[in-house]
Amino acid sequence: MEYIDNLPPMDLMRSEKMTFVQLIIPVESAHPAITFLGQLGLLQFRDLNADKSPFQRTFVNQVKRCAEMSRKLRFFKDQTQKAGLLPSPRPASQPDIELEELEIQLAEHEHELIEMNANSEKLRQSYNELLEFKMVLQKASDLLVSSRSHTTAQETELNENVYSNDNYSDTASLLEQEMQPELSNQSGVRFISGIICKSKILQFERMLFRTTRGNMLFHQAVADEELLDPSSNEMVEKIVFVVFFSGEQARSKILKICEAFGANCYPVPEDMTKRSQITREVLSRLSELETTLDVGLRHRDKALTSIGFHLTKWMSMVRREKAVYDTLNMLNFDVTKKCLVGEGWCPIFAKTKIQEALQRATMDSNSQVGIIFHVMDAVGSPPTYFRTNRFTNAYQEIVDAYGVAKYQEVNPAVYTIVTFPFLFAVMFGDWGHGICLLLGALVLISKESKLSSQKLGSFMEMLFGGRYVVLLMSIFSIYCGLIYNEFFSVPFHIFGGSAYKCRDASCSDAQTVGLIKYSDPYPFGVDPSWRGSRSELPFLNSLKMKMSILLGVAQMNLGILLSYFNARFFNSSLDIKYQFVPQVIFLNSLFGYLCLLIVVKWCTGSQADLYHVMIYMFLSPFEVLGENQLFWGQSVLQVILLLLALVAVPWMLFPKPFILKRLHTERFQGGTYGLLGTSEVDIYEEPDSARQHHHEEFNFSEVFVHQMIHSIEFVLGAVSNTASYLRLWALSLAHSELSTVFYEKVLLLAWGYDNLIIRLIGLAVFAFATTFILLMMETLSAFLHALRLHWVEFQNKFYHGDGYKFKPFSFASLADDED
């Protein structure tokens, strides 16, 4: 044990040792001190003003100013994107400016930009109105001319038969009045011309017809080009219309309907000369407005470009300043109102760096009083902090997704780095598919510097973050594929010749009678001659099933062993004696014994039925094994192991609650007992909660029920978790059979035809199935199953995962887009 205690600590085995510190900062040094600490990123502040709302804090005005500047910068960014300009990725070299000066500059830029946008909007609106007026003049002129020419052919007949009637002017219809110009002028027939969206034209015409009771004439024509809709700011197709009517009341109704439908009306003179003159004036003004708009857009783009050169730097500066003031709001003023008091957690190795940063802040602020930095007694459970790199970070994230480790608890990520990709490979073993995964991982790693600086999609970002996980998964898949001897389901004689041969030259009875062994076993992995033989499936099923149990029991034993190191580290002798020892005895008395039988059967070549041995170990422990006996003394060993398993259950259940009760009673009767370092006492402490163990009430029934649940969970879990590892066998078999089906029923079937097109189609289908089913869906399936084996079967033996992450105040971790 002394040898174990003297071993050097591993970086990832346990979280960094933390210390609780207090800072007393003079007011003049507060801002530079927090800024330097943000650059360092190794101190997590504790909010001392949690009972105050955001509006009651000291630096609320500064936070509001920063939020307002962030709004202006987002406005500049949106305007730049709308203009089709890209912000400069490399900020222009500019001397550092103060926050107040930046605030003035942003206000000036915003005022200038808003004014330019308002002028541009007015000019654009005038331009659109003139453009619509031009369209109405052109189309309405055509409609009026066509209307006049249409009436010429009928004038003679109407003059002879109808207009000769003296009373006609009182009874003539609107259509007839419009066809007779002289009568039209006498009766007051007028028209309104305008333009409307095409989507509204049917409802518009129907409403006009119903309102005037059919006493109107409606002409329409499609505009030559799409026009800008001011309400939606999109280009829409519009219709030019002309409505003929009679009477002032009808005119008023038509104008109201036009206003309701968003139609723009424009005056069109009946005289052709006036129409031509107005058209020329409109075209002239349109040309002037186009020139003015182009000049305004160029000026606006120039202003946005100059802002874009500094936009990235300004956004970073404002984001940092806001984060500094948000952190200052977590500090308290002392009674003299001259110093700020802060508390927080930092790693022990960072104390020197923090003190150096605080000294620099004192010098920069020219303060006469230095910043006081001292260690305090902790008031709660420390945060968990692991120093990871690009390789280990992804594995740590896999563990943290289950739950963050308690402070100084054994970290499963150390073992997950190896066991996770290996268990994945056991289910995915095919060295052809492994090579494909390896190529993908190498591509991601080779483009690491380029992709890390880009914004990726959610799926691509997840894949890039796990590039080193995919790398090890592919390497282990190649290794397991060599053991299974499968290359896209095809076996190869890589490590020498087969140990089996057919009974005759035709090999016709290989699948019915079987093969003959004539030499030493195949040196590495599965013999390729098993492929296609009569006993291929039974042999591979037996091999992978037994291998799954061996791997599962080994990993569960590792989990129980890690619980011993946890208990030893936290000085919990009760957990060692009454949890670790009975758990090891129970698991290995049953399933460790099963693993022993598997290994002995493999080594001796015995035909014993292990199902029968394990079942009758419980049903009839004293029965003679007969032909199922694998070694001398097996019956006696079975009885001893069964008794040990039965004893282990009450050993786990009863002693610990009663011992805890006795220790609690003696401690409060004046006994000299220190704080009991058991998992029940320490593990479930909430973050930042005061330790008040001397006021705790000991509830024996609650402790007993808790222990009973843990004992029953372990006993049942030992069975269910062992069975759960059989998924390694099931998924490996499914992957192998799917590969075989795609190879034999798609590729070989297509290759049997002497036709190039059929062969190419077969090759394309095989490539598609391999890529999307075997390399994507099967990879995801094996990944999720390996994740479950680690989270449930492995980590529940020792890992509590009820800690909280170390989240230091750091500029590097600030979000790119902050609300």
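Asn571 sits in the loop between α18, residues 536-569, and α19. I should say at once that this is a predicted model. Asn571 is not a glycine, yet its phi is positive, about 55°. As background, most residues other than glycine have a negative phi. Is Asn571 buried or exposed? Its relative accessibility is 65%, so Asn571 counts as exposed.

The helix after that loop is α19, residues 573-604. It is not straight: there is a bend of about 45° at Asn588. Just past the end of α19 comes Gly605, with a positive phi of about 70°.

There is one more non-glycine residue to mention under positive phi. Phe488 has a value of about 55° and is not a glycine either. Its place is in the loop between α17 and β12, the strand at 500-501. Phe488 has a relative accessible area of 19%. The cut-off for buried is under 20%, so Phe488 is buried. Asn571, to repeat, is exposed.

Now back along the chain to α17 itself, and its packing with α12. In general, two packed helices are described by the angle between their axes and the distance between the axes. Here α12 covers residues 393-402 and α17 covers residues 467-484. Their axes come within 7 Å and cross at roughly 95°. That makes α12 roughly perpendicular to α17. Which residues meet? From α12 they are Ala394, Tyr395 and Ile398, and from α17 they are Tyr468, Val469 and Leu472. By class, this contact has 6 nonpolar residues, with no polar and no charged ones.

Staying with α12, its buried residues are Ala394, Tyr395, Gln396, Ile398, Val399 and Asp400. So what covers the buried residues of α12? The cover includes α17, and also α13 at 413-428, α16 at 458-465 and α26 at 756-794.

Next is α24, residues 700-724. At 1.5 Å a residue, its 25 residues should span 36 Å. The end C-alpha atoms are 34 Å apart, which agrees. There is nevertheless a kink in α24, of about 35°, centred on Gly717. Gly717 is also among the buried residues of the helix. The others are Phe704, Gln707, Ser711, Phe714, Val715, Ala718, Asn721, Thr722 and Ser724. As a reminder for reading that list, an α-helix has 3.6 residues a turn, so residues three or four places apart point the same way.

Also in α24 is His710. With 36% relative accessibility, His710 counts as partly exposed. How many residues apart in sequence are His710 and Gln579? They are 131 residues apart, while their C-alpha atoms are 9.7 Å apart in space.

Two further positions pair up with residues elsewhere in the sequence. Met363 is in helix α11, residues 351-364. Its relative accessible area is 64%, so Met363 is exposed. Met363 and Pro32 are separated by 331 residues in sequence, and by 9.7 Å from C-alpha to C-alpha.

The other position is Thr211, in helix α8, which covers residues 201-211. Thr211 has a relative accessible area of 25% and is partly exposed. From Thr211 to Ala250 there are 39 residues in sequence and 8.3 Å in space, C-alpha to C-alpha. Which residues does Thr211 contact, leaving aside its neighbours within four places in sequence? These are Lys253 and Ile257.

I will finish with the chain as a whole. The protein chain has 26 helices and 13 strands. Of its 819 residues, 44% are buried. Considering contacts with a separation of 6 or more, residues 24 or more positions apart account for 80% of them.

Technical notes. Residues numbered from 1 in each chain as written. Predicted model: local features only at pLDDT ≥ 70, side-chain atom pairs only at ≥ 80, totals over all residues. Heavy atoms only, no water. Helix = DSSP H or I, 4+ residues; strand = E, 2+ residues; numbered from the N terminus. Expected span 1.5 Å × (residues − 1). Bend = angle between axes of the 7 residues up to and from the residue. Buried < 20%, exposed > 50% of the residue type's maximum accessible area, 1.4 Å probe, protein only. Axes fitted to C-alpha atoms, helices over the stretch in contact; angles between N-to-C directions. Parallel < 35°, antiparallel > 145°, perpendicular 65-115°, else oblique. Contact = heavy atoms within 4.5 Å. Nonpolar A, V, L, I, M, F, W, Y, C, P; charged D, E, K, R; others polar.
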